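Please work through the exercises below with the sequence and the coordinates open beside you. Each exercise sets a task and is followed by a solution that goes step by step.

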Amino acid sequence: MATFDQIINQIDKKQLAPVYLLHGLEPFYIDLLSDYIEEHGIDKDQQDFNQVIFYGKDSDAEEIVTNAKEFPFGCDKRIVILKEAKDLKNIEKLIPYLENPANTSSLVICYKYLDAKAAFVKAAEKKGVVFKSVKVPDYKLAEWVQNRAKDYQFKVNAEASYIISEHLGNDLARIDNELKKLKIFIAPGSDITPAIIEQHIGISKEYNIF
């Protein structure tokens, strides 16, 4: 089982695995990794010919495998991304490919909101990388807000992070989006205060633990 940072490091070094299974109950990190691979897995001038994205509801496993087996054009790797994998009706047909994938492709399977079945995980682990995205417990959500704010070069104290986490709930994508929007209004290194939260996120500064 790989960590988020390990996978990012792989992508940055262009050392892509033949298979990535990104699964679990927390969609936020699955989306982050999938987007990162899509943006940085191969050079931008190679993406038109060597990168394809499927959506489970509109796709067929055999078509996905056929694409993954195609040779890349003008570069070392081809990237095939399957989003919304839980909606792929015949997903079990991917298992033989996972056990013996093409080395010239990276098949990225985004299996959000569910833990993939054991047989699927076992097959992906043989030649690929498995990442399980777990929910942040509610009692750690305020701490998560503080850490995520640091990624955007903001400071947020315990009170402000609690206000954000309590009001927005355990929805990491929504919280992240609100923090990202603050980059428009406040400078890097700024403190995210209750007044800023009220003005730009729309949560009253009177909203507190009492």
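A residue is called buried when its relative accessible area is under 20%, exposed when that area is over 50%, and partly exposed in between. The model used throughout is a predicted one.

**Exercise 1. Overall description**

Task: State what fraction of the protein is buried, which numbers of helices and strands it holds, and what box its C-alpha atoms fill.

Solution. Begin with burial: of the 210 residues in the protein, 48% are buried. Next, take the secondary structure, where ten helices and five strands are found. Along the principal axes, the C-alpha atoms fill a box of roughly 55 × 35 × 30 Å. Finally, turn to the contacts between residues at least 6 apart in sequence, of which 77% join residues at least 24 apart.

**Exercise 2. The sheet**

Task: Work out the order of the strands in the sheet, and determine which strands stand at its edges.

Solution. Recall that strands of a sheet pair through backbone hydrogen bonds, either parallel or antiparallel. Here the five strands form an open sheet with parallel pairing, and their order is β2-β3-β4-β1-β5. Because β2 (51-55) and β5 (129-133) each have a single partner strand, they stand at the edges, and one side of each is left without a neighbour in the sheet. Neighbouring strands are turned by 10° against each other on average, direction ignored.

The order can then be followed through individual pairings. Strand β1 (residues 19-24) pairs with β5 in the parallel sense over four bridges, and one of the residue pairs places Y20 opposite its bridge partner V129 in β5. Strands β1 and β4 run parallel and are joined by six bridges, with K112 in β4 as the bridge partner of G24. Strands β3 and β4 also run parallel, joined by five bridges, and here R78 has S105 in β4 as its bridge partner.

Two helices complete the picture. Helix α2 (residues 27-40) packs on the sheet and touches β1, β2, β3 (78-83), β4 (105-112) and β5, while its direction makes about 160° with that of β4. Helix α6 (residues 118-127) lies across β1, β4 and β5 and runs at about 145° to β1.

**Exercise 3. Strand β4 and S105**

Task: Decide how many residues of β4 are buried, and sort them by the way they point.

Solution. In a regular strand the side chains alternate between the two faces of the sheet. In β4, S105, L107, I109 and Y111 point one way, whereas S106, V108, C110 and K112 point the other way. The strand is mostly covered, since eight of its eight residues are buried. For S105, which is placed in strand β4, the relative accessible area is 0%, so the residue counts as buried. Leaving out residues up to four places away in sequence, S105 touches A17, P18, A68, E70, K77, R78 and Y97.

**Exercise 4. The cysteines**

Task: Find how many disulfides the model contains, and explain why C75 is not bonded to C110.

Solution. A disulfide is a covalent bond between the sulfur atoms of two cysteines. The cut-off needed is that the two sulfur atoms lie within 2.5 Å, and by this rule the count comes to zero disulfides. The cysteine sulfur closest to that of C75 belongs to C110 and is 20 Å away, which is too far for a bond. Both residues are nevertheless buried, C75 with a relative accessible area of 16% and C110 with one of 4%.

**Exercise 5. Helix α9 and the largest pocket**

Task: Describe the surroundings of I175, and then identify which elements line the largest pocket.

Solution. I175 is found in helix α9 (residues 172-185), and with a relative accessible area of 0% it is buried. Setting aside neighbours within four places in sequence, I175 is in contact with L141, W144, V145, I164, L168 and G169. From A102, I175 is 73 residues apart in sequence and 38 Å apart in space, C-alpha to C-alpha.

The largest pocket has a volume of about 300 Å³. Its lining consists of 14 residues, of which F28, L32, R148, D151 and D176 lie nearest the centre. The elements that give two or more residues to this lining are α1 (4-12), α2, α7 (141-151) and α9.

Key
Residues numbered from 1 in each chain as written. Predicted model: local features only at pLDDT ≥ 70, side-chain atom pairs only at ≥ 80, totals over all residues. Heavy atoms only, no water. Buried < 20%, exposed > 50% of the residue type's maximum accessible area, 1.4 Å probe, protein only. Pairing = 2+ DSSP bridges. Axes fitted to C-alpha atoms, helices over the stretch in contact; angles between N-to-C directions. Contact = heavy atoms within 4.5 Å. 1 Å grid on protein atoms, 1.4 Å probe; cavity = no way out; pocket = protein on both sides within 12 Å on 5 of 7 lines; lining within 4 Å. Points joined across faces, edges and corners; volume = space filled by probe spheres on them.
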